[in-house]
Each structure stands twice: as C-alpha cells, then as structure tokens.
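User: I want to learn how to read metal sites and helices in a model like this. Can you walk me through one?
Analyst: Gladly. Here it is.

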Amino acid sequence: MQITTLNDLFIHGLSDIYSAEKQLARALAKLAREASTPELVQAFKQHMEETQGQIERIDQLLEAESNLKLKRMKCHAMEGLVDEANEVIESTEKGSVRDAALIAAAQKVEHYEIASYGTLCTLADQLGYKKAKTLLAQTLEEEKTTDNLLTKIATSKINSKAEVE
Ligand code: FE
Ligand code: FE
Ligand code: FE
C-alpha cells in the first residue's frame, strides 16, 4: 500500500499485526503439540486463546473507529519467524532441548509483537484514536506478560534440564 500520511502508517501497522496474529494463532497450536514440558504446553495453549482474543480486539477496534479500514496484506516477518520455529522443530527430538528452542522461537515472536503494538499505541495516541489506544494497550500488556512467563518457564526448569539432556 502507498503510505503518505501518519494515518496510513497506522493502518499499515494495524493490517500487518492483524495478519501476524492470524498466522500465529495457527502456529501456536503446533508449538503446543511439539512441546513436552506441561507448563510450556499450557503456556502455548493459553496464549493461543489470548491470540484469538487479540484478533477479536482488532475487529472491535475497527468497529469503534469507523474511518479505519484494514488493507489486505501479509506480515512477512511473522511468516519468517514461524518458518524458523518449524525448522527448529525439524532439527530436534521431543524433549527439553526442543522446549528451550521453542521458547527462544516464541520469544522472538513476542518481541516482534511488543515492538509492533508499542508503535501502534504511540500512533493511536498521536492520531487521537482513544478507544483504539485502550484496546492496543491491553494486547501489548498480554504480549509482555507472555514474554515474561516464557522466561520464567525457561529459567525455572527447562534450561537446566536441557543442559544435561
Ligand atoms: Fe499477539
Ligand atoms: Fe510484519
Ligand atoms: Fe503474542
């Protein structure tokens, strides 16, 4: 899409993260299947549910702000991050080392989302989309919480188990 205004840039970012969330919802189902530590399986399943909610939150945002219309586009970064997660699944056996690798892959995804939603919150503020700002900030917090939870699961059990595997 042609981007000439800050509003265009906001719509571009919103359309990109919408695509990213849809790709991720599918990918998280696979991560949950491929993980073996129960806490990690649970974390992936929980974030899959949350991701569905985040997609709905964007739909809600579009209803609230009638002059925002999404563009059809694909988030290439998420496609690449999901490809890398799949590569690491192919190169590992089920177990702690794979779990550590899945956490690393998932945290790259969360950081991409944190960066994206951070920018979107700032732009929504600047452009005066109050309702959008509130909804985007809620999702940003969920992404940060997920990132922290993954760090906790890695450092509290998986990494030390993986070291001796
Ligand atoms: Fe998300
Ligand atoms: Fe993207
Ligand atoms: Fe996320």
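Analyst: Keep in mind that this is a predicted model. Start with the sequence pattern of a metal site. The donors of the iron ion (ligand 2) are spaced D-x58-C-x36-Y along the chain.

User: Where do Cys75 and Tyr112 sit in the chain?
Analyst: Cys75 is in the loop between helix H2 (38–64) and helix H3 (76–90). Tyr112 belongs to helix H4 (residues 96–127). They are 37 residues apart, so the pair links distant parts of the chain.

User: Which atoms coordinate the iron ion (ligand 2)?
Analyst: Asp16 appears twice, through OD each time. Cys75 gives SG and Tyr112 gives OH. The distances run from 1.9 to 2.4 Å.

User: How do I judge the geometry of a site?
Analyst: Compare its angles with the ideal. Four tetrahedral donors would ideally show 109.5 degrees. Around the iron ion (ligand 2), the angles among the four donor atoms run from 58 to 144°. To count as tetrahedral, all angles must lie between 85 and 135 degrees. This site is classed as irregular.

User: Are Cys75 and Tyr112 buried or exposed?
Analyst: Check relative accessibility. Cys75 is at 0%, so it counts as buried. Tyr112 has a relative accessible area of 24%, so it is partly exposed.

User: What coordinates the iron ion (ligand 1)?
Analyst: Glu21 (OE) is listed twice, joined by Gln54 (OE1), Glu113 (OE) and Glu143 (OE). Distances are 2.0 to 2.3 Å. In sequence, these donor residues follow E-x32-Q-x58-E-x29-E.

User: Which residue bridges the iron ion (ligand 1) and the iron ion (ligand 3)?
Analyst: Glu113 does, and the two ions lie 3.1 Å apart. Glu113 is in helix H4, while Glu21 is in helix H1 (residues 6–34). That pair, 92 residues apart, also links distant parts of the chain. Both Glu21 and Glu113 are buried.

User: Now helices. How do I check the length of H3?
Analyst: Compare the expected span with the end-to-end distance. H3 has 15 residues and should span 21 Å at 1.5 Å a residue. Its end C-alpha atoms are 21 Å apart, which agrees.

User: Which residues of H3 are buried?
Analyst: Met78, Leu81, Val82, Ala85 and Ile89. Seen down the axis of H3, the buried residues fall within an arc of 95°, so they line one face of the helix. H1 and H4 are among what covers them.

User: What is on the other side of H3?
Analyst: His76, Glu87 and Glu90 are exposed there.

Terms used: Residues numbered from 1 in each chain as written. Chains lettered and ligands numbered in written order. Predicted model: local features only at pLDDT ≥ 70, side-chain atom pairs only at ≥ 80, totals over all residues. Heavy atoms only, no water. Donors = N, O, S within 2.8 Å, 3.2 Å for Na, K, Ca; no water. Tetrahedral: all angles 85-135°; square planar, octahedral: opposite > 155°, others 65-115°. Helix = DSSP H or I, 4+ residues; strand = E, 2+ residues; numbered from the N terminus. Buried < 20%, exposed > 50% of the residue type's maximum accessible area, 1.4 Å probe, protein only. Expected span 1.5 Å × (residues − 1). Arc of directions from axis to C-beta. Contact = heavy atoms within 4.5 Å.
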